[in-house]
Amino acid sequence: MTDKPINTLTEEQAAAEAAELRPQLIKWGQQYYSADAPTVEDDVYDRVYARLVALETAFPKIVTPESPTQNVGGTTRGDLPKVTHDIPMLSLGDVFSIDELKEFDERLRGNVDEDFDYNCELKIDGLAISLRYENGEFVQGSTRGNGQIGEDITANLKTIPSIPQTLSRPLTIDVRGECYMPKAAFLALNERREAAGKAPFANPRNAAAGSLRQLDTQVTADRQLATFMYNIADYEPLNTRTQSGLLDELAELGFTTNATYQVAHNMTEVAAFIEAYQEQRSDLAYGIDGIVIKANSLPLQRELGATVKVPRWAIAFKFPPEEVQTKILDIEWTV
Ligand code: NAD
């Protein structure tokens, strides 16, 4: 990867650099998503990915269909049954600074006529799952996979205590959220693995994925996995029409949701939420790798829609890696 300013590149140079970056990112992605065994740190992946996004944004003609920017990362294990997601499970766009966040906000507000709020949520460091209920009964659970086709992991998900088998109302819904491994369970698991001469998992996210995407249900049951649900494929069966109300209604239905969220009326409030939880991050019992900011109105979310890969109504503010964390936030900016 070069660090030449993008505005000094010709389209040919940009295309050549992008053609070098894509196979590298695809290879890292396979190791991360398919084998649950990354070979580089996330911030290395993120830096190369951000460079590719910058090249493709400056020179849209160089985008290729197989580019990681055009595909939800993730594959399916050949030996697990497949599930087609009627409504795709997407990734999230990301930003790494308050300035970039502010640009996102300005772009969005430029495209929306009315004033709107955001809902700020913790970005749980796990893997996305989808839970299908028919008339209030849990019938199928799956991984995100490539966003269109995931893995059927119903039997494994049935072993997780935070997933209700029956809802408090007989709804037919697909609820989405995150399956994660609490930090204490992760440390204990790696100790047991090392004592048994097995390779430790790289991080709680990979440990959770490896514990769910496998054939032995008893292994999943022993791994102390937990869930936070935060989304629904189609909000029509619900009473609420806001993201914050959705979290409350999911909790009423019997799901475990994360109690830490906040409606923010402007970017100053969003930045304050980010700063507070960036500081408290290491005190939480589970890993978070950022804050997700979502337009709070569900009809507005639907109206804004999504690209092939990410919703237009949300963005993830990514924290720096924990060990090199420095104060990068400057919340004293005008809105
Ligand atoms: P992502 O994990 O950065 O963000 C999207 C995901 O966030 C969603 O799918 C959802 O599962 C999750 N999420 C957690 N809390 C949420 C909330 N409150 N609301 C909505 N979504 C929430 O995106 P991704 O496409 O799954 O993966 C990209 C990430 O994976 C990057 O951080 C990258 O560093 C990492 N990665 C690392 C490697 C490596 O080799 N180290 C390779 C590929 C990807």
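**Two open sheets and a ligand shell**

Four strands of this predicted model make up an open sheet, arranged in the order β5-β4-β7-β8 with antiparallel pairing. At its edges lie β5, covering residues 137–143, and β8, covering residues 226–232, and each of these pairs on one side only. From one strand to the next, the twist averages 30°. Within this sheet, β7 (residues 173–180) and β8 run antiparallel and are joined by 6 bridges. For a reader who would like a landmark in the viewer, C179 has T227 of β8 as its bridge partner.

A second open sheet contains 5 strands in the order β2-β11-β10-β3-β9, and here the pairing is mixed. Its edge strands are β2 (94–95) and β9 (261–264), each of which pairs on one side only. Helix α9, residues 267–280, packs on this sheet and touches β3, β9, β10 (288–295) and β11. The direction of α9 makes about 160° with that of β10.

It is helpful to walk through this sheet pair by pair. Strands β2 and β11 (residues 314–318) run parallel and are joined by 2 bridges, with V95 standing opposite F317 in β11. Strand β11 is also joined to β10, this time by 5 bridges in an antiparallel arrangement; in this pair, V292 stands opposite A316 of β11. Strand β10 in turn pairs with β3 in the antiparallel sense, over 7 bridges, and C120 is found opposite I293 in β10. Strands of a sheet pair through backbone hydrogen bonds, in either a parallel or an antiparallel way.

How many residues of β10 are buried? The count is 8 of 8, so β10 is largely enclosed by the rest of the structure.

Strand β3, residues 118–124, also holds K123, a residue that an unreviewed UniProt entry lists under "active site". Is K123 buried or exposed? K123 counts as buried because it has 21 C-beta neighbours inside 10 Å, where the cut-off for a buried residue is 20 or more. Leaving aside neighbours within four places in sequence, the contacts of K123 are I288, D289, G290, I291, V292 and A316. Two of these names have already appeared above, as V292 and A316 stand opposite one another in the pairing of β10 with β11.

Attention can now turn to the ligand, which is surrounded by 23 residues. The closest of them are Y32, P38, D42, S91 and A128. Which elements supply at least two residues each to this shell? They are α1 (11–34), α2 (42–58) and β3. Of the contributors, α1 gives the most, with 4 residues.

Taken as a whole, the protein has 10 helices and 11 strands. The protein is as compact as a globular protein of its length, because its radius of gyration of 20 Å is close to the 20 Å that the globule rule gives for 335 residues. The C-alpha trace spans about 55 × 50 × 40 Å along its principal axes. Buried residues account for 35% of the 335 residues. Among contacts with a separation of 6 or more, 75% join residues that are 24 or more positions apart.

Definitions and conventions
Residues are numbered from 1 along each chain as its sequence is written. This is a predicted model: local features need pLDDT of at least 70, side-chain atom pairs count only at pLDDT 80 or more; totals for chains, interfaces and linings use all residues. Two strands pair if DSSP finds at least two bridges between them. Axes are lines fitted to C-alpha atoms, for helices over the stretch in contact, and angles run from 0 to 180 degrees between N-to-C directions. UniProt positions are given in the numbering used here, feature names are shortened, and annotations may be inferred rather than shown by experiment. A residue is buried if 20 or more other C-beta atoms lie within 10 Å of its own, exposed if 12 or fewer, and partly exposed in between; C-beta atoms are placed from the backbone. Two residues are in contact if their C-beta atoms, placed from the backbone, lie within 7 Å. The radius of gyration is taken over C-alpha atoms; the globule rule is 2.2 Å times the number of residues to the power 0.38. A residue is near a molecule or strand if its C-beta atom, placed from the backbone, lies within 6 Å of it.
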